[in-house]
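This report is written for someone looking at the structure for the first time. It covers a pocket, two helices and some annotated positions.

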Amino acid sequence: MAFTKVTEQPSHYRHLETMTIQEVLININNEDKTVPLAVEKAIPQITQLTAVIADKMLAGGRLFYMGAGTSGRLGILDASECPPTYGVPQGLVVGLIAGGDSAIRRAVENAEDDREQGWRDLQQYNITEKDVVIGIAASGTTPYVIGALKACREHGIVTGSISCNPGSPVSEQADYPVEVVVGPEFVTGSTRMKSGTAQKLVLNMISTTVMIQLGRVEDNKMVNMQLSNEKLVDRGVKMVMEQLQLSDYDAAKELLLEFGSVKRAVESRQ
């Protein structure tokens, strides 16, 4: 069966420029409502990928995200939020984007077309068979991602993918492909919209579930979060007060700051 890019099919809507602002917003919102349902259909695939990531990371491995453009930026966003949210070390979850760090803010021409650069980027991190690499590509055709996954498989490294077209080339190079088929975009081909939303949802699901499996969450609390601002300190103080049944806010804050995390502060009194 020939590969068809659903993400490039014409929008269900015509003459967008004739719509009122409210009509545009309502129609975008109606399209966005379909995304969680598409993600739901992919949960069996997401489950398999998440399980192998958890196993690898429990054994000392790392997680790498790779993508270009919006997909690359979403991977970097998810990776960058793991240390402050869950207190894991920098470098445990790594996001790589075609074109390097400068591509986070500005498009780097033709960077995504280099099939060899992805593997070179991974080698900078001394990647091994302990690690897992997830290629993120809405179209499923990004050469930077495909080349990296192919090289990973040749070196015995577990691969996953997140794409929005069924049967895509990137899925063929993934041991654990995830395909979230959200259909045509509101603006034809603008995969930063529904496809980007779908990828963000899947990344949230994967990293949150993995961190829970790694013991970085207790009950429903981020007990290992970094105390990097007053909002997080306040949240941590309230957690300590709740878990230790303390009524003195200042005493709980002093204890929290002494030990540096909710988990360590609570354990010091148990």
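## The largest pocket

Strand S2 contributes the most to the lining of the largest pocket, giving 4 residues. The model is a predicted one. The space in this pocket comes to about 220 Å³. Helix H4 (69–86) and strand S2 (93–97) are the elements that supply two or more residues to the lining. The residues that line the pocket are Ile76, Ala79, Val94, Gly95, Leu96, Ile97, Gly100, Asp101, Ile104, Asp121, Tyr125 and Tyr144. Sorted by class, the lining holds 8 nonpolar, 2 polar and 2 charged residues.

## Helices H4 and H6

The table sets out the length and span of two helices.

| Helix | Number of residues | Expected span at 1.5 Å a residue | Distance between end C-alpha atoms |
|---|---|---|---|
| H4 | 18 residues | 26 Å | 26 Å |
| H6 (143–154) | 12 residues | 16 Å | 16 Å |

For H4, the expected span agrees with the distance between the end C-alpha atoms. The two values also agree for H6.

The buried residues of H4 are Ser71, Gly72, Leu74, Gly75, Ile76, Asp78, Ala79, Cys82, Pro83 and Tyr86. Two of these names, Ile76 and Ala79, also appear in the pocket lining. The cover over the buried residues of H4 includes strand S1 (63–67), S2, strand S3 (132–136) and helix H8 (194–213). After H4 comes Gly87, which has a positive phi near 70 degrees.

H6 is mostly covered, with 9 of its 12 residues buried. Those buried in H6 are Pro143, Tyr144, Val145, Ile146, Gly147, Ala148, Leu149, Ala151 and Cys152. Tyr144 is also one of the residues lining the pocket. Among the elements covering the buried residues of H6 are S1, S2, H5, S3, strand S4 (158–163) and helix H7 (169–172). Gly156, just after H6, takes a positive phi of about 75 degrees.

## Annotated positions

Which residues does the UniProt annotation "active site" cover? In the unreviewed entry, this annotation covers Glu81 and Glu112. They are spread over 32 residues of sequence and are also spread in space, up to 24.2 Å between C-alpha atoms.

Glu81 lies in helix H4. Its relative accessibility is 36%, so Glu81 counts as partly exposed. Glu112 is placed in the loop between S2 and helix H5 (117–123). Glu112 is also counted as partly exposed, because its relative accessibility is 39%. Apart from neighbours within four places in sequence, Glu112 contacts Ala68, Ala98, Thr142, Pro143 and Tyr144. Pro143 and Tyr144 are among the buried residues of H6.

The same unreviewed UniProt entry carries the annotation "domain: SIS", which covers residues 53–216. Over residues 53–216 the chain is 41% helix and 15% strand. The end C-alpha atoms of this stretch are 15 Å apart.

## Ala54 and its contacts

Ala54 belongs to helix H3 (residues 43–58). Is Ala54 buried or exposed? With a relative accessible area of 5%, Ala54 is buried. Leaving out residues up to four places away in sequence, Ala54 touches Val210, Gln213 and Leu214. Ala54 and Leu214 are 160 residues apart along the chain, and their C-alpha atoms are separated by 7.2 Å.

Notes
Residues numbered from 1 in each chain as written. Predicted model: local features only at pLDDT ≥ 70, side-chain atom pairs only at ≥ 80, totals over all residues. Heavy atoms only, no water. 1 Å grid on protein atoms, 1.4 Å probe; cavity = no way out; pocket = protein on both sides within 12 Å on 5 of 7 lines; lining within 4 Å. Points joined across faces, edges and corners; volume = space filled by probe spheres on them. Nonpolar A, V, L, I, M, F, W, Y, C, P; charged D, E, K, R; others polar. UniProt positions renumbered as here; feature names shortened; annotations may be inferred. Buried < 20%, exposed > 50% of the residue type's maximum accessible area, 1.4 Å probe, protein only. Contact = heavy atoms within 4.5 Å. Expected span 1.5 Å × (residues − 1).
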